[in-house]
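Please look through the structure shown below before reading on. The report that accompanies it moves from the whole chain to single residues.

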Amino acid sequence: MIEHDCGDRALLVEFENLAETMTWHRALAASGIDDVEDLVPAARTILVRHTGNRDRVVSWVRSTEPADVDATSDAEPVVVPVTYDGEDLGDVADAMGMSAQEVISAHTEQTWTVAFGGFAPGFGYLVGTTDRLHVPRRTTPRTTVPAGAVGLAGEFSGIYPRSSPGGWQLIGRTDAVLWDPQREPPALLCPGVTVRFEAR
């Protein structure tokens, strides 16, 4: 763990890998202190926004014990209904040596966890409990991916919250609203939330 100051009101804490980042984020989120205004996880870092009491925040980070790597949230998973008819479903199946139905089963039979958000408001990078669906991004990104498209890229699954360019392998679509400024929180899939995909 390495700490870097980001101005006078933030600390960037750097970790070795995604799994370590997720265990520390879970622990820090569960044991917050008044001086911390926000925790923003990424693939290998957590940005700790604070009120300016740097020494107290550094002490808190260093004294926090990372969460159990196998710990899961007590909250019920968010269930996301998906129509599995994505343009790349057949290509993913071929690349993985599976049938299309086996890809769907691999996607729906595991629990996914939102590791961090990024790319667009409401876009969550989800990691699963198995590595059965680790596939590369498309070699040629699409100029437009529709809102609600469900995709795979590397170790992640994700849902496009709005129409945008993208290079993920599209396996399905959902009507779930990923980003709603009138909702609290606006993002349906916040870091730490668990997700179950359900075929419809």
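The sections below describe a predicted model, beginning with its overall form and ending with individual positions.

## Overall form

The secondary structure of this predicted protein comes to 4 helices and 13 strands. Its radius of gyration is 18 Å, close to the 16 Å that the globule rule gives for 200 residues, so the protein is as compact as a globular protein of that length. Along the principal axes, the C-alpha trace spans about 55 × 35 × 35 Å.

Of the 200 residues, 44% count as buried. When contacts are restricted to residues at least 6 apart in sequence, 60% of them join residues at least 24 apart.

## Surface and charge

The accessible surface of the protein comes to about 10,200 Å², and carbon and sulfur atoms account for 49% of it. The protein carries 16 positive and 29 negative charges, and the mean positions of these two sets are 5 Å apart.

## The largest nonpolar core

The largest nonpolar core holds 24 residues, and those with the most contacts inside it are Leu-189, Val-195 and Phe-197. The elements that give two or more residues to this core are the strands β5 (78–82), β6 (112–117), β9 (149–153) and β13 (194–199), together with the helices α3 (89–96) and α4 (100–108).

Apart from residues up to four places away in sequence, Val-195 touches Pro-77, Val-78, Val-80, Gln-110, Thr-111, Trp-112, Val-114, Leu-126 and Leu-189. One of these partners, Val-114, is found in strand β6 and is buried, with a relative accessible area of 1%. Beyond its neighbours within four places in sequence, Val-114 is in contact with Gly-124, Tyr-125, Leu-126, Leu-189, Cys-190, Pro-191, Gly-192, Val-193 and Val-195. The C-alpha atoms of Val-114 and Gly-192 are separated by 5.3 Å, although these residues are 78 residues apart along the chain.

## Helix α4 and Thr-108

Which residues of α4 are buried? They are Val-103, Ile-104, Ser-105, Ala-106, His-107 and Thr-108. What covers these buried residues includes the helix α3 and the strands β6, β9, β10 (156–159), β12 and β13.

Thr-108, which has its place in helix α4, shows 15% relative accessibility and therefore counts as buried, the cut-off for that class being under 20%. Leaving out residues up to four places away in sequence, Thr-108 touches Tyr-84, Arg-196, Phe-197, Glu-198 and Ala-199. Among these contacts of Thr-108 is Phe-197, which is also one of the residues with the most contacts inside the largest nonpolar core.

## The loop between β12 and β13

Two positions in the loop between β12 (169–173) and β13 can be described together, namely Pro-186 and Asp-180. Pro-186 is partly exposed, with a relative accessible area of 21%, and Asp-180 is likewise partly exposed, with a relative accessible area of 27%. Not counting residues up to four places away in sequence, Pro-186 touches Leu-178, Trp-179, Asp-180 and Pro-181.

How far apart in space are Pro-186 and Arg-142? Their C-alpha atoms are 27 Å apart, with the two positions 44 residues apart in sequence numbering. For Asp-180 and Thr-45, which are 135 residues apart in sequence, the C-alpha to C-alpha distance is 26 Å.

Note on methods: Residues numbered from 1 in each chain as written. Predicted model: local features only at pLDDT ≥ 70, side-chain atom pairs only at ≥ 80, totals over all residues. Heavy atoms only, no water. Rg over C-alpha atoms; globule rule 2.2 N^0.38 Å. Buried < 20%, exposed > 50% of the residue type's maximum accessible area, 1.4 Å probe, protein only. Contact = heavy atoms within 4.5 Å. Areas by Shrake-Rupley, 256 points an atom, 1.4 Å probe, with all protein chains shown as cover. Lys, Arg positive; Asp, Glu negative; His and termini not counted. Charge placed at Lys NZ, Arg CZ, Asp CG, Glu CD. Core = buried A, V, L, I, M, F, W, Y, C linked by side-chain atoms within 4.5 Å.
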